[in-house]
Amino acid sequence: MINWISPFNYDFALATIPIQIILLVFYGVRRNLPIRQSTCFWLVMVANLVMTSADIISCEMNEIWTAFPLWIMYAINHAYFLGFIIRGWALFAYTAESAHSHRNNYIFRIVTAIPAATACFLILSTPWTATIYTFTEDGYHNCFLYKIIYFSTYFYLIISLILVIYNWLKLSRRMKAGLFSFNVVLLFGILIRKQFYHMLVTSYFSIIAILIIFLTSENPDLYRESRTRLMNKNALDRIGLDYWENKRPFSIMTISIHNYEASKSVYSINKVNDGLRAVASWLIKTYPKAYHFYTRNGNFVIFMKGRLQTDPRMIMEDWKEQYDIQQRFYYGDIPLKLSAMLLPDYLILNNELLTGDLARYGIANAYNENRRGNYVFSDKLIEGVKKQKAVERAIKNAVSDNRFEVYFQPIYGTKEGRVCGAEALARLKDPVIGDIPPLDFIPIAEKNGDIMEIGRQIFEKVCIFLERIDPSELGIDFINVNLSPTQCMNHNLSGEFSDIAAKHNVPMDIFDFEITESMVDDYEMIQMQIAELQAVGAELSLDDFGTGASNLTSLMNLPIHVVKVDMTFTESYFAGKADFLPDLMRLFRYANMEVVVEGIETAQMKKKMAEMGCDYEQGFYFSRPIPPDDFVKFMEDEIDLLHEWNVEDSSDIEETQFDDISDRSEKYFKLQEENERLKKEADANRKIAELKESVSALLTNMPAMTFSKDVVTRKYLACNQAFADYAHKETPDGVVGLTDFEIFDWDTAMHFIEDDKKALSMDKPYIFYENVPDATGHQRRFQTTKLKFTDDTGRQCLLGLCQDVTDAMRIKNEYTERLAKVQSQAHIDALTGVKNKNAYQDEERKLDNLIMSGECPEFAVTIFDVNDLKKINDTKGHKAGDDYIRNACSIICREFKFSPVYRIGGDEFVVISKGEDYKNITELVNIIRKRNEEALGDGGIVIACGTSSYENDDSVASVFTRADKNMYENKNDLKKRRTD
């Protein structure tokens with residue numbers, strides 16, 4: 001035990017010294033951010049350690065001051081006072097840097113530096129002026145300006161708190177918590193020090209403040225990417241902002257792995273990570289003086305300090321040479337292909353506000369730009385990015401002012417022989433830019449989330465249009481409305497659209513919603529949206545088939561009745577590059593799907609597509625997309641022409657009478673010609689249908705048909721009564737000795753012969769399925785098996801068996817559907833219809849895997865607890881309690897429209913928010929809490945809630961724990977207020 005000389009208690013101060021040393025060593029060894037904020041923190045730690053050590057030593061030496069030279073006494077006391085003042089100023093400077101406040105305001109800097117500078121001057125002059133302290137014959141004494149030490153401290157703490165409050169809305173939640181709490185802790189520590197003078201507690205509260213800063217903002221691991229050990233995107237944002245605010249020049253090189261996603265699919269995560277580490281090592285070696293970042297998803301950034309001393313094109317030529325060398329000597333398992341773009345400092349200087357957008361463009365488009373020979377940003381590329389930003393602003397303004405317009409493009413029905421519907425399309429005309437093509441504004445709106453509101457506005461304008469006309473009078477049978485993938489993430493999509501349609505007295509069954517092929521990948525989501533929209537009367541069709549990579553089997557299994565073939569297929573077919581298009585259309589017809597073909601631009605294309613069996617046609621041949629009033633006029637003209645044609649067709653017109661109508665429009669003659677052709681086709685189809693009905697009537701309820709035939713003569717050798725009935729023979733003897741051509745019509749006989757040839761070419765049974773209509777017109781599914789064999793006489797024969805498997809297939813499909821339903825119900829809460837705890841645990845595992853791989857997106861976990869459920873159950877019964885839970889669930893789902901809601905307990909719900917809901921999470925939680933305020937007053941449903949965002953946690957459970965804690969704090973507060 002140490003016997004101290006002075007009366008001061010050093011316990012708190014001594015305990016902090018090891019912690020301070022460890023932090024200093026750790027912070028010094030680990031690479032921290034090269035920004036002024038980190039420099040301030042470093043100064044805080046050094047000053048605090050000097051202050052703490054000097055405080056203890058000076059207190060002891062002051063008791064025996066005569067044993068030391070006077071200059072040593074002043075030196076050690078100066079170290080304490082200067083450390084105290086510099087620490088206070090450095091903490092203020094750290095706060096100002098973190099809040100990004102008054103960085104370029106030199107007057108503010110000078111004014112706020114005056115207290116510290118004055119105090120330091122007075123301390124240094126103390127040996128001669130005795131302003132702060134002095135040594136007399138009876139020892140150490142504080143002097144008349146000693147209190148300036150505390151004045152300086154109070155001044156910086158108060159100014160710091162003012163800066164935090166002033167910049168509150170600009171700060172992240174983590175920075176708010178860190179800056180505010182450490183300043184309050186320091187203020188509290190000063191007050192305690194004043195009350196307990198003989199206890200050295202200042203260092204104790206200082207180390208608490210330092211730990212708060214370290215954990216919330218200055219831990220180097222917060223800015224390190226775990227796999228490559230390079231700095232991460234957060235570090236890039238902070239360093240870039242620091243350079244930009246302090247007007248320091250820098251250049252950026254973006255490097256992207258353009259086969260990154262494919263590599264993750266083909267190779268293991270470990271091998272991909274090895275490849276990332278190899279790229280990171282190569283970049284560090286190639287650019288040792290730059291800062292290196294890995295921003296995830298296969299994207300690297302090289303941050304080059306200062307002005308470029310070499311021509312940017314030469315820098316990129318050198319990069320290509322270095323990359324070629326690296327590729328030749330790389331022996332890893334994964335061939336990662338890199339693309340790069342350089343953004344020079346002079347372009348950043350001239351486009352400061354666009355730097356982030358330019359960097360993102362470089363990351364996203366480096367591969368395509370490199371293929372064009374572009375490795376350095378040019379004015380032309382920057383103009384393209386500026387245009388994109390202008391379109392973004394135009395979209396925002398148009399959404400805010402409800403300025404998106406709806407246009408209609410007619411859709412022609414080949415069976416009806418007329419235009420019978422239209423596709424509703426969004427159009428944007430900006431007052432500044434002018435007309436903005438959909439290909440320009442739709443991808444941007446998809447990316448920033450505005451497509452949700454655009455979709456609502458367009459749908460409502462379609463409903464307004466339909467409300468003011470009579471669709472049936474104009475011959476409008478349906479209107480197609482496009483749905484974006486983002487819209488389909490809205491779990492209340494059908495409810496929103498139903499409400500809008502009901503508001504304008506428009507039935508939902510007139511709408512056919514088009515989904516893009518890429519959305520089919522999310523099978524569960526599409527199934528849910530189709531079921532909900534069909535429940536309110538609408539239908540869904542597949543748009544732009546051929547532009548995605550969806551599985552045909554999955555498409556066939558979806559309850560979609562219309563497929564729209566993309567115009568690129570149409571163009572390719574007529575250019576002789578897509579001969580498979582007729583087969584594709586037969587495939588869809590075989591699956592009982594109607595086919596719409598886009599890109600019809602000529603009469604030849606129109607005629608050919610109809611001959612292939614296309615049900616609907618759309619394209620410029622009929623009309624370009626036109627405004628609502630023009631569309632009404634188009635449909636009225638269409639009706640007039642058809643009516644005129646029908647009147648003339650029903651009368652006995654002499655040949656000479658056509659001379660009087662020679663001035664008719666080209667469109668009229670096209671319609672006349674088309675109707676003539678369709679009449680002929682209808683007569684032919686009627687005859688074929690009558691023949692098929694006569695055949696199919698015999699197939700109804702047949703157990704099986706069997707036969708054998710001679711391969712060489714093609715004559716039937718034997719058959720059963722079922723086949724004889726099918727062949728219109730009274731007995732099997734009536735079939736024996738005849739060929740297919742003697743029994744059936746030409747087309748049927750040729751069909752059987754083609755099947756025989758396939759069976760004879762195979763060494764195993766040839767099995768195939770066909771749909772055949774029965775007497776009532778319903779499709780029946782038949783399975784036919786043909787097998788070649790040799791009889792006792794050495795004659796080659798063919799054995800055939802045809803049986804009705806409709807019921808068996810139905811049972812199989814029902815079983816598959818029931819299995820899918822059971823699997824779905826295993827993840828659905830029976831009471832509320834939202835996802836259950838099993839589904840939440842599955843999602844938690846998925847996110848944990850993404851966290852482990854380093855590819856986890858931003859997300860937030862929000863936990864809800866429905867108050868007073870037990871009270872409702874006890875007083876009103878469990879039925880009322882169930883209604884209470886369902887109503888609470890509806891409130892949560894209504895606010896968190898784009899996030900999955902999970903019921904994980906009796907009265908507990910969880911929401912995992914990404915995308916738009918994540919961006920607005922604070923606002924959404926505040927809406928729930930504001931609603932709670934109203935519920936406390938009127939006795940409504942009170943839902944306690946707490947949220948927490950993912951902040952590089954090790955698992956989802958950590959985020960959940962924080963959210964749960966916040967929820968219980970809110971729950972206790974609500975209960976207390978209800979009691980009061």
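Visitor: Which hand does the crossing of helix 1 and helix 7 have?

Guide: Helix 1 and helix 7 cross in a left-handed sense. Keep in mind that this is a predicted model.

Visitor: What else is needed to describe two packed helices?

Guide: Two numbers describe such a pair: the angle between the axes and the distance between the axes. Here helix 1 (residues 11–29) packs against helix 7 (residues 202–218) at about 30°, and their axes are 9 Å apart. Helix 1 is therefore roughly parallel to helix 7, since angles under 35 degrees count as roughly parallel.

Visitor: Which residues of helix 1 and helix 7 make the contact?

Guide: From helix 1 come Phe12, Ala13, Thr16, Ile19, Gln20, Leu23, Phe26 and Tyr27. Helix 7 supplies Ser203, Tyr204, Ile207, Ile210, Leu211, Phe214 and Glu218. By class, the contact of helix 1 with helix 7 has eleven nonpolar, three polar and one charged residues.

Visitor: At what angle do the axes of helix 16 and helix 17 cross?

Guide: The axes of helix 16 (residues 451–468) and helix 17 (residues 493–503) cross at roughly 30° and come within 9 Å. That angle makes helix 16 roughly parallel to helix 17. Helix 16 passes helix 17 in a right-handed crossing. On the helix 16 side the contact uses Arg456, Phe459, Glu460, Cys463 and Glu467. On the helix 17 side are Glu496, Phe497, Ile500, Ala501 and Lys503.

Visitor: How many of the residues in the contact of helix 16 with helix 17 are charged?

Guide: Five are charged, five are nonpolar and none is polar in the contact of helix 16 with helix 17.

Visitor: How far apart are the axes of helix 30 and helix 31?

Guide: The axes of helix 30 (residues 869–876) and helix 31 (residues 878–895) lie 7 Å apart, and the packing angle is about 150°. In helix 30, Leu869, Ile872, Asn873 and Lys876 take part; they meet His878, Ala880, Gly881, Tyr884 and Ile885 of helix 31. The contact of helix 30 with helix 31 divides into five nonpolar, three polar and one charged residues.

Visitor: Now the aromatic rings. How many aromatic pairs are in the whole structure?

Guide: A search of the whole structure gives 60 aromatic pairs. To read one, take the distance between ring centres and the angle between the planes. Tyrosine 840 and phenylalanine 960 form a tilted pair, with 6.1 Å from centre to centre and 50° between the planes. Tyrosine 840 belongs to helix 29 (residues 837–853) and phenylalanine 960 to helix 34 (residues 956–979), so the pair ties together parts 120 residues apart in sequence.

Visitor: Is tyrosine 840 buried or exposed?

Guide: Tyrosine 840 counts as buried because its relative accessibility is 5%, and the cut-off for buried is under 20%.

Visitor: Which residues form one aromatic cluster?

Guide: Trp65, Tyr74, Tyr80, Phe81, Phe84, Tyr133, Phe135, Tyr140, Tyr146 and Tyr150 form one.

Visitor: Which residue that is not a glycine has a positive phi?

Guide: Arginine 229 is one of them, with a positive phi of about 65°. Arginine 229 sits in the loop between helix 7 and helix 8 (233–245). Its relative accessibility is 41%, so arginine 229 counts as partly exposed. Histidine 728, also not a glycine, has a positive phi of about 65°. Histidine 728 is in the loop between helix 25 (721–726) and helix 26 (740–743). With a relative accessible area of 53%, histidine 728 is exposed.

Visitor: How far apart in space are lysine 633 and leucine 474?

Guide: Their C-alpha atoms are separated by 9.4 Å, while along the chain the two are 159 residues apart. Lysine 633 lies in helix 23 (residues 628–650) and, at 47% relative accessibility, counts as partly exposed. Take asparagine 926 and cysteine 945 as well: 19 residues apart in sequence and 9.6 Å apart in space, C-alpha to C-alpha. Asparagine 926 is part of helix 33 (residues 921–938) and counts as partly exposed at 42% relative accessibility.

Visitor: What percentage of contacts between residues at least 6 apart in sequence join residues at least 24 apart?

Guide: In this protein, 67% of those contacts do. For the overall inventory, the protein has 34 helices and 25 strands. Of its 980 residues, 48% count as buried.

Note on methods: Residues are numbered from 1 along each chain as its sequence is written. This is a predicted model: local features need pLDDT of at least 70, side-chain atom pairs count only at pLDDT 80 or more; totals for chains, interfaces and linings use all residues. Side-chain values use heavy atoms; hydrogens and water are left out. Axes are lines fitted to C-alpha atoms, for helices over the stretch in contact, and angles run from 0 to 180 degrees between N-to-C directions. Helices (H or I, at least four residues) and strands (E, at least two) are DSSP runs, numbered from the N terminus. Angles under 35 degrees count as roughly parallel, over 145 as roughly antiparallel, 65 to 115 as roughly perpendicular and the rest as oblique. A crossing is left-handed if the near helix is turned anticlockwise from the far one by less than a right angle, and right-handed if clockwise. Contact means heavy atoms within 4.5 Å. Ala, Val, Leu, Ile, Met, Phe, Trp, Tyr, Cys and Pro count as nonpolar, Asp, Glu, Lys and Arg as charged, and the others, Gly among them, as polar. Rings of Phe, Tyr and Trp (its six-membered ring) pair if their centres lie within 6.5 Å; planes under 30 degrees apart count as stacked, over 60 as edge-to-face and the rest as tilted. Buried means under 20% relative accessible area, exposed over 50%, partly exposed in between (1.4 Å probe, protein chains only).
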